[in-house]
Amino acid sequence: MSKNDYRRRVSRRRRSRFSRHLPTFIVLFVLTVLIGGCIFAVSRFLFHKKSGPPKDTEVIASATAGTAPNTEVTQPTEPALDEVDRLIAQADRLAAGYDYDGAVALVESDPAASSDPRGQEAISGYLATKDTMVEADHTQITHVFFHTLIMDTAKAFDGDADSKGYNSVMTTADEFKRILNAMYERGYVLVRLHDVAYEEPDENGNLRFVYGKIMLPEGKKPFVMSQDDVCYYDYMLDDGFATRMVIGEDGKPTCEMTLDDGTVSTGSYDLVPLLEDFIQEHPDFSYRGARAVIALTGYQGILGYRTASNYSDSPTYEADREQAAKVAQALRDNGWELASHSFGHLKLGVSTNPEKSFNGFAIEDERFRHDTDRWKAEVESLIGPTDIILYPFGNDIADFHAYTEDNPRFKYLESKGFRYFCNVDASTPYWMQKGTNYFRMARRNLDGYRLYQDTVQEDPAKKRLSDLFDARDIFDSVRPTPVTWY
């Protein structure tokens, strides 16, 4: 047998043996794969059951159409803010209201935040933005004011004896909200009356008034806001207004209103909570936390509480006084300024009727002093000291000339601590007068009468509100027209 024949026979025998055992090899391989897969699946199940879902996902029940009931799906969660992030978020809120120094101070107050790259970056950003601010022109600051807002126009404009007055001097809630939006879009920023001018000592230590330095982005325009008669008088009951001011669960002042079914609801039922809502949404509408000036009479009490002494027989008298004081403090704590509107809502100033004047004034000197003293005793004793008086009816104690030491009413009000004196003049966008020891400012009424007059006025030069907004976009269509001065 040759070597080649031998090799061929050996090769055939090997192939024959391999062919006979090939099925066995295939069966063993398949069994190995199946057993290994089962072991892997069981181990994965046991591990998942023991450890639960991954830490950076949350298990939620799917409500998506086509997903089987009780199916669990996972979605990524937002990373939790740490203390540094939370502090920077608070500082960002201050910076949004143009208080860059306050924002920097807040971050620097925490060593962990001030040494963290995030805190350092935030501080750099605040300071860089601060450098872009420009000083506002203090001679061009307007002051707008409102009375209690109408929440239910159907009740206010129901044709009864009070409807005409409401239509003339009140503003509806919808109008107020439109005004806020319109002024915000035009770049107006709310400032405090005390931001416009304030007292500071001169080189000899004597106090004198100076204009404030209001720093805003270029193009922004500061303005002051006030609200008169925030007392919720008895005659307004059941006419579509809030009934009193209270402290909300968040510690901020809000309002109560009695609904048609007699239930009392707490919510945004007047200027204070509505303005607060707007500023929470638009923090850049408020300069360093500024809010409006709230003016109070006293003859029926304040803020919806019957705190006047002629209600002393009421079983809730002491409780009303206590609660009114707490609400007043909540207003102050949240940036609102409080002011006198006289005790009896009287014309304190000069008379327009020479035949019925008292040395040129609308009421007697004795009545003027008595009213001022009673306001101090029954209102200021609850709300704390104030240096602002907003004249009822805009009735100033002098004409446009400066206050002098010869004016007995100015001297008396000054002796009682008043330094800011505001009348009403809608004929000009802004008017102010700075004396050594006082500051005067004119206010513009944004009520039904003024809105209507601007709406029907065809001569653009005679429109009184066009610098603020287009009255046609503001005027509430449910108002009875024409709106006349009552």
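**Close-up 1. How β10 pairs with its neighbour in a small open sheet.** Strand β10 and strand β11 (residues 253–258) run antiparallel and pair over four bridges. Strands pair, in this legend and the others, if DSSP finds at least two bridges between them. The strands and helices themselves are DSSP runs, numbered from the N terminus: at least two residues (E) for a strand, at least four (H or I) for a helix. One spot to look for is Met-245, which stands opposite Cys-255 in β11. Zoom out a little and three strands form an open sheet, in the order β10-β11-β12, with antiparallel pairing. Strands β10 (244–247) and β12 (264–267) stand at the edges with a single partner strand each, so one side of each has no neighbour in the sheet. On average, neighbouring strands of this sheet are turned by 40° against each other, direction ignored.

A word on what you are looking at: this is a predicted model, in which local features need pLDDT of at least 70 and side-chain atom pairs count only at pLDDT 80 or more, while totals for chains, interfaces and linings use all residues. Residues are numbered from 1 along each chain as its sequence is written, and side-chain values use heavy atoms, with hydrogens and water left out.

**Close-up 2. Two helices against the sheet.** Helix α10 (residues 271–281) packs on the sheet and touches β10, β11 and β12; contact here means heavy atoms within 4.5 Å. The direction of α10 makes about 130° with that of β11. Such angles run from 0 to 180 degrees between N-to-C directions, using axes that are lines fitted to C-alpha atoms, for helices over the stretch in contact. Helix α11 (residues 317–333) lies across β10 and β11, running at about 70° to β10. How many of the residues of α10 are buried? Eight of its eleven are, so to speak, tucked away, and the helix is mostly covered. Among these buried residues are Leu-271, Val-272, Pro-273, Phe-278 and Ile-279. Buried means under 20% relative accessible area, exposed means over 50%, and partly exposed is in between (1.4 Å probe, protein chains only).

**Close-up 3. A salt bridge between α10 and a loop.** Side chains of opposite charge can pair when their charged atoms come close. A salt bridge is counted when a side-chain nitrogen of Lys or Arg is within 4 Å of a carboxyl oxygen of Asp or Glu, and by this rule the count comes to 26. In this view, Arg-291 forms a salt bridge with Glu-276, with their closest N and O atoms 2.8 Å apart. Arg-291 lies in the loop between α10 and β13 (293–296), whereas Glu-276 lies in helix α10, so the pair ties together parts that are 15 residues apart in sequence. Both Arg-291 and Glu-276 are buried.

**Close-up 4. More charged pairs.** Glu-414 and Lys-411 form a salt bridge, their closest N and O atoms being 3.1 Å apart. The two residues both lie in helix α13 (residues 408–415), three residues apart, about one turn of the helix. Glu-414 is buried, with a relative accessible area of 15%, while Lys-411 is partly exposed at 30%. Elsewhere, Asp-470 forms a salt bridge with Arg-472, the closest N and O atoms being 2.7 Å apart. Asp-470 is partly exposed, with a relative accessible area of 24%, and Arg-472 is exposed at 55%. Salt bridges that share partners also join Asp-82, Asp-85, Asp-116 and Arg-118 into one network.

**Close-up 5. Strand β18 and its partners.** Is strand β18 (residues 439–445) buried or exposed? Seven of its seven residues are buried, so the strand is largely enclosed by the rest of the structure. In a regular strand the side chains alternate between the two faces of the sheet. Both faces of β18 are covered, with Phe-439, Met-441, Arg-443 and Asn-445 buried on one side and Arg-440, Ala-442 and Arg-444 buried on the other. Strand β16 (residues 420–424) pairs with β18 in the parallel sense over five bridges, and Cys-422 has Met-441 as its bridge partner. Strand β4 (residues 142–146) is also parallel to β18, with two bridges; here Phe-145 partners Asn-445. Strand β17 (residues 432–434) pairs with β18 in the antiparallel sense over three bridges, and the two form a hairpin with four residues between them.
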